[in-house]
Amino acid sequence: MLGSKKISLCRDSVYESFFKDHAKSLRNFLFVKFGDKDLSEDLVQEAFIKLWENCNKVNPDTAKSFLYKIAINTGISNKRHDQVKFKYQNIIVHQKKSADMETPEFIMEEMEFNEKVKRIISSLPDRQREVFILNRIEKKTYKEIAQLLDISVKAVEKLMHKALLKIRSVIGNK
């Protein structure tokens, strides 16, 4: 508080000063946490954008914790998404290598089917896709998935059910 007026992060000078005071330490913290300089830069930018978008809602006294929480959560989400993408790509590559020993017709049909499955899985909403891959590809139990994603087992069951319904409906309609 300055006098009787509340300091607002929505004022350019206050926001700029806050940015100068905290951007470098946040970037360093994120680099240590995630080990990726480019990701750290991106997360700092995203966190400060969110702070600016919510400047009327965020109390200046809690702005630093808001900033760090947004950056960490965004970073974790990005890492989860990258892990799922990476594992899914490795599975497709592995399946392709094992198909090299089949007849040309079989290889063509398998490639078409794999592309169809890939498109279906890619079209699933993020959480459904993540749960499906963790369960069916990585062989994790619903309980393990719930712990990994910090959601309830019931939520995992619902997400998996919806994913399977979507996949079955598309594959069933050749």
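This presentation goes through the cores, the disulfide, the salt bridges and two unusual backbone angles of one structure.

Good morning, colleagues. Please keep in mind throughout that this is a predicted model.

I begin with the nonpolar interior. The largest nonpolar core has 22 residues, and those touching the most other members are L9, F18, L26, L30, F48, L51 and L67. Three elements each contribute two or more residues to this core: α1, α2 and α3, the last of these spanning 63–98. Helix α1 supplies the largest share, with seven residues.

L51 gives a view of the packing here. Leaving aside residues up to four places away in sequence, L51 is in contact with L9, Y15, F18, V58, A63, F66 and L67. Of these partners, L9, F18 and L67 are themselves among the residues that touch the most other members of the core.

A further core lies apart from this one; it has 17 residues, including I133, L134, M160 and A163.

I turn next to a histidine. Where does H22 lie? H22 is placed in helix α1. Is H22 buried or exposed? With a relative accessible area of 16%, H22 is buried, because the limit for that class is under 20%. Beyond residues up to four places away in sequence, H22 touches F48, K64 and L67. Two of these contacts, F48 and L67, also appear in the list of residues that touch the most other members of the largest nonpolar core.

Now to the covalent link. The structure contains one disulfide, and this bond joins C10 to C55 with an S to S distance of 1.9 Å. The link of C10 and C55 is right-handed, with 100° about the S-S bond. Which parts of the chain does the pair link? C10 sits in the segment before α1 and C55 in the loop between α2 and α3, so the disulfide connects distant parts of the chain, 45 residues apart. The two cysteines fall into separate accessibility classes: C10 is partly exposed at 23% relative accessibility, while C55 is buried at 9%.

I continue with the charged pairs. How many salt bridges does the structure hold? There are five salt bridges, and I shall discuss three of them in turn.

The pair I take up to start with is E41 and R27, whose closest N and O atoms are 3.2 Å apart. E41 belongs to helix α2, residues 37–53, and R27 to helix α1, residues 12–34, so this salt bridge ties together parts that are 14 residues apart in sequence. Both side chains belong to partly exposed residues: E41 has a relative accessible area of 28%, and R27 has a relative accessibility of 24%.

The other two pairs both belong to helix α5. R129 and D126 form a salt bridge with an N to O distance of 2.4 Å. These residues are three apart in helix α5, which covers residues 126–137, so about one helical turn separates R129 from D126. R129 is buried, at 13% relative accessibility.

E130 and R127 form a salt bridge as well, at 3.5 Å from N to O. Here too the partners lie three residues apart in helix α5, about one turn of the helix. Within this pair, E130 is buried at 10% relative accessibility, whereas R127 is partly exposed, with a relative accessible area of 32%.

My last topic is the backbone. Which loop holds K139? K139 is found in the loop between α5 and α6, where α6 spans 142–149. Although K139 is not a glycine, its phi is positive, at about 60°. K139 counts as exposed, with 63% relative accessibility, because exposed residues are those over 50%.

D150 likewise has a positive phi, near 60°, and is a residue other than glycine. D150 is located in the loop between α6 and α7, the latter covering 153–172. With a relative accessible area of 69%, D150 is exposed.

To summarise, the largest nonpolar core draws two or more residues each from α1, α2 and α3. The disulfide of C10 and C55 links the segment before α1 with the loop between α2 and α3, and the E41 and R27 salt bridge connects helix α2 with helix α1. In helix α5, R129 pairs with D126, and E130 pairs with R127. The loops on either side of α6 hold K139 and D150. Thank you for your attention.

Methods: Residues numbered from 1 in each chain as written. Predicted model: local features only at pLDDT ≥ 70, side-chain atom pairs only at ≥ 80, totals over all residues. Heavy atoms only, no water. Salt bridge = Lys/Arg side-chain N within 4 Å of Asp/Glu carboxyl O. Helix = DSSP H or I, 4+ residues; strand = E, 2+ residues; numbered from the N terminus. Buried < 20%, exposed > 50% of the residue type's maximum accessible area, 1.4 Å probe, protein only. Core = buried A, V, L, I, M, F, W, Y, C linked by side-chain atoms within 4.5 Å. Contact = heavy atoms within 4.5 Å. Disulfide = S-S within 2.5 Å.
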